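With the model open in your viewer, please follow this tour one selection at a time, going from a pair of helices to a sheet.

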Amino acid sequence: MNQLLLDGRSLEGIVSSIIRRNDLHLTHSRMDWERMYRMADYHKVANIVHLGILGYGDAIPAKWKERFFTRYQEALLYGAGYQEAVNEMLTWMDTRNISCTVLCSESMRSLYAVSEMADCTPLMICLDEKNYSLVRGYLIDLGYETEQAYEGEGERLARPQGICITLYYRLPFQTAKYVKGMQRLLESASLKEPYRYVRMLPAENELVYRMAAAAYHYVTDELTMREVLDLQLFHRNCRDTVRMDTVVKRLAEFQIDELAEKILRLSYMWFGDR
């Protein structure tokens with residue numbers, strides 16, 4: 001079997017064991033820990049792997065054990081002031097009458113059994129281009145710097161001891177079906193209490209957004225294990241209150257309903273209860 005597939009299976013096994021709270025048995029002597037770390041970091045799950053290797057002591061090279069711990073520590077520190085920073089940001093925008101839509105719930109961290117297993121996920125905000133420039137300037141004044149630019153779409157900004165914030169004035173999807181479908185999702189957003197100008201997608205449409213984004217990222221070879229895990233946790237949290245027939249119908253408008261459903265099933269194969 002291809003070594004990359006073997007490494008991927010090993011990584012999925014470690015992460016799923018931690019998420020499911022199952023016993024973990026590592027064949028650590030056969031692992032290339034540098035490659036395992038780089039793969040885990042790419043898939044944004046290195047902080048979870050740290051929890052899985054805690055009991056293996058000297059069996060794992062100190063250099064890579066330290067790298068995993070660093071990612072875990074970053075997640076721990078990131079979560080400490082995350083909600084306060086989010087509230088501060090949204091309040092600043094609301095008091096200046098800046099209309100925006102929060103694309104993914106900032107409460108994702110609460111869906112993890114241990115909050116530091118969550119990723120250092122950016123607060124994702126969509127707003128018009130004029131307000132984008134205003135909010136970006138505010139963040140720059142606060143010491144934020146561009147971490148990644150999305151040409152013609154927006155950018156991700158971050159600062160030390162601060163949260164990451166992704167600002168979009170155009171959602172990062174290229175096909176006509178996606179542009180139209182995402183616009184319809186944005187139009188469904190409703191005001192988020194206690195704000196007057198900050199909106200969020202209802203849970204049903206946030207699930208559509210997450211499934212459509214996962215399908216898009218699969219096709220563009222950008223889908224990560226973290227995105228699949230977040231999708232599974234979000235679906236598990238809202239599946240009793242959303243109508244999946246409506247979700248599938250909306251995904252059909254993107255022409256990716258079958259692929260999106262397969263990714264959701266895969267997420268449960270990997271991370272769901274057995």
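**First stop: two packed helices**

Helices H8 and H9 run roughly antiparallel to each other, because the angle between them is about 155° and angles over 145 degrees count as roughly antiparallel. To see this in the predicted model, select residues 203-219 for H8 and residues 225-238 for H9, whose axes lie 10 Å apart. Turn the view until one helix lies in front of the other, and you will find that H8 passes H9 in a left-handed crossing.

Next, show the side chains where the two helices meet: on H8 these belong to Ala203, Glu206, Leu207, Arg210, Met211, Ala213, Ala214 and His217, and on H9 to Glu227, Asp230, Leu231, Phe234, His235 and Cys238. Coloured by class, this contact comprises eight nonpolar, two polar and four charged residues.

**Second stop: the sheet**

Now select the strands, which form an open sheet of seven with mixed pairing, in the order S3-S4-S5-S2-S1-S7-S6. Strand S3 (145-150) and strand S6 (190-191) are the edges, and each has a single partner strand, so one side of each has no neighbour in the sheet.

Then add helix H6, residues 129-141, which packs on the sheet and touches S3, S4 (154-158) and S5 (165-168), its direction making about 20° with that of S4.

Finally, select residues 100-102 of S1 together with residues 198-200 of S7, which pair in the parallel sense over three bridges. Within this pairing, look for valine 102, whose bridge partner in S7 is methionine 200.

Key
Residues are numbered from 1 along each chain as its sequence is written. This is a predicted model: local features need pLDDT of at least 70, side-chain atom pairs count only at pLDDT 80 or more; totals for chains, interfaces and linings use all residues. Side-chain values use heavy atoms; hydrogens and water are left out. Two strands pair if DSSP finds at least two bridges between them. Helices (H or I, at least four residues) and strands (E, at least two) are DSSP runs, numbered from the N terminus. Contact means heavy atoms within 4.5 Å. Axes are lines fitted to C-alpha atoms, for helices over the stretch in contact, and angles run from 0 to 180 degrees between N-to-C directions. Angles under 35 degrees count as roughly parallel, over 145 as roughly antiparallel, 65 to 115 as roughly perpendicular and the rest as oblique. A crossing is left-handed if the near helix is turned anticlockwise from the far one by less than a right angle, and right-handed if clockwise. Ala, Val, Leu, Ile, Met, Phe, Trp, Tyr, Cys and Pro count as nonpolar, Asp, Glu, Lys and Arg as charged, and the others, Gly among them, as polar.
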